[in-house]
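This report looks at internal spaces, a surface patch and a few individual residues. Please keep the sequence and the structure in view while reading.

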Amino acid sequence: MTPARCTMAGDRRRRRGQLMLLLVLGALLLAVLGSFAVGPLRLPPLAVLQAIGVKLGLLDAAQASARDVAVVWQLRIPRVVLGAIVGASLAMAGASLQGLFGNPLADPGIVGVSQGAALGAVAAIVLGAATLGGWVIPLAAFAGGAAAISLTYLLARPGRGDGNATLLLVGIAMAAFCSALIGFFTYIATEAQLQSLVFWQLGSLASADWRDVAAVMPLFAVGTFCLLRLATPLDMLALGERQAQHLGLDVARTRRRLVAFSALLVGAAVAFAGSIGFVGLVVPHVARLLVGPGHRWLLPLSGLLGALLIVVADTAARTLDPPAEIPLGLFSAALGAPFFLWLVMQRRGRAGA
């Protein structure tokens with residue numbers, strides 16, 4: 001391909017990427033505003049805007065009822081913001097892991113990192129470490145996720161021979177081992193702790209508040225910033241490890257960074273929302289269909305699509321059966337499991353062709 005054609009192709013990819021980002025961002029904003037109004041107590045859109053305006057000091061306090069202000073500002077906004085962060089974190093971590101392992105079936109849950117993060121959080125609760133401060137559970141979840149994905153990567157050694165197939169087998173074993181330890185901690189937990197542990201099994205945003213948002217926001221910002229900076233190295237890894245090294249990439253260092261920042265995002269998400277599976281598997285594939293495999297656009301679009309998915313799913317979870325809430329993890333599993341099976345069948349069909 002001539003340099004002129006390469007430039008034209010790059011311009012088309014850039015315009016398409018920008019367009020997709022704007023469209024998904026617009027859909028996310030609409031979903032966020034809609035989620036503020038929908039719930040067991042339905043509010044007109046004007047009442048939502050008035051409540052936000054009063055809280056921000058843009059309107060007089062008499063222009064919105066105290067009930068509406070409390071519902072919108074104390075309950076719904078932190079929940080929606082936390083849901084968007086969780087969805088974006090899981091989706092970007094999934095996209096980066098798929099690029100790192102060179103395997104489209106890689107996922108924070110399938111390779112064990114979600115279960116490792118959940119194990120760290122559950123252990124902190126049962127062993128009483130959570131009483132030391134609000135940062136203990138996120139840090140424990142991060143440590144558990146990092147340990148799980150590091151062990152999976154070291155044992156599978158993807159990129160050598162049948163590394164991709166071994167990755168899935170090792171990841172399944174790691175997830176099962178972590179799940180067994182979670183079951184053990186559940187067995188020895190007190191009745192008061194059991195009520196908290198159910199949250200980790202099914203996933204939920206019901207307990208979200210501004211303290212959770214304040215705790216997870218720095219972790220999300222650091223993880224997102226660092227992963228976006230690794231977009232070009234991820235594209236280089238897609239060429240193969242040897243080719244990436246010939247292009248001057250420090251492959252070992254890049255691997256460590258991708259593992260650490262992916263575990264950081266997943267650990268933060270699991271620490272505040274519990275186990276929500278398949279988001280990191282489904283969303284990157286959708287984003288790849290929209291903007292192609294280049295990680296410059298794939299990572300941010302995956303983040304926006306993941307945020308959109310969780311915001312919509314959580315809105316449905318708290319409105320379909322009021323006043324009860326359907327666990328958020330059920331929505332993600334119901335969507336992700338059939339999609340995962342479809343991917344496996346597609347790969348088997350191509351292999352047999």
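## Basis of the description

Helices, in what follows, are DSSP runs of H or I with at least four residues, and they are numbered from the N terminus. The model is a predicted one.

## F278 and its loop

With helices so defined, F278 has its place in the loop between α11 (251-273) and α12 (279-291). The backbone of F278 has a phi near 75°, which is a positive value in a residue other than glycine. Because its relative accessibility is 22%, F278 counts as partly exposed, given that this class lies between the limits of under 20% for buried and over 50% for exposed.

## The cavity

One cavity of 30 Å³ or more is present in the structure, and the volume of the largest cavity is about 40 Å³. F278 belongs to the lining of the largest cavity, together with its chain neighbours I276, G277, V279 and G280, and the lining is completed by L90, D107, P108, G109 and S114. Sorted by class, the residues that line the largest cavity comprise five nonpolar, four polar and one charged.

## The second largest pocket

The second largest pocket holds about 480 Å³ of space. Among the 23 residues that line the second largest pocket, those nearest its centre are G109, I110, Q115, G277 and F278. Two or more lining residues come from each of the helices α4 (113-126), α6 (163-188), α7 (191-202) and α14 (328-352).

In terms of class, the lining of the second largest pocket consists of 13 nonpolar residues, nine polar residues and one charged residue. F278 thus appears in two settings, since the residue is listed in the lining of the largest cavity and is also named among those nearest the centre of the second largest pocket.

## A nonpolar surface patch

On the surface, a nonpolar patch is formed by L56, L58 and L59, whose accessible area together amounts to about 300 Å². Of these residues, L56 is found in the loop between α2 (45-55) and α3 (66-101), and L56 counts as exposed because its relative accessibility is 51%.

## L305 in helix α13

L305 is part of helix α13, which covers residues 295-317. The relative accessibility of L305 is 14%, and this residue therefore counts as buried. Between the C-alpha atoms of L305 and S332 the separation is 13 Å, the two residues being 27 residues apart along the chain.

Definitions and conventions
Residues are numbered from 1 along each chain as its sequence is written. This is a predicted model: local features need pLDDT of at least 70, side-chain atom pairs count only at pLDDT 80 or more; totals for chains, interfaces and linings use all residues. Side-chain values use heavy atoms; hydrogens and water are left out. Patches are made of residues with over 30% relative accessible area and no salt bridge: like charges are joined within 9 Å, nonpolar side chains (Val, Leu, Ile, Met, Phe, Trp, Tyr) within 5 Å. Accessible areas come from the Shrake-Rupley method with a 1.4 Å probe; for residues, only the protein chains shown count as cover. A salt bridge is a side-chain nitrogen of Lys or Arg within 4 Å of a carboxyl oxygen of Asp or Glu. Buried means under 20% relative accessible area, exposed over 50%, partly exposed in between (1.4 Å probe, protein chains only). On a 1 Å grid over the protein atoms alone, a cavity is a set of points where a 1.4 Å probe fits but cannot get out, and a pocket is an open set with protein on both sides within 12 Å along at least five of seven lines; lining residues have an atom within 4 Å of a point. Grid points are joined across faces, edges and corners, and a volume is the space filled by probe spheres set on the points. Ala, Val, Leu, Ile, Met, Phe, Trp, Tyr, Cys and Pro count as nonpolar, Asp, Glu, Lys and Arg as charged, and the others, Gly among them, as polar.
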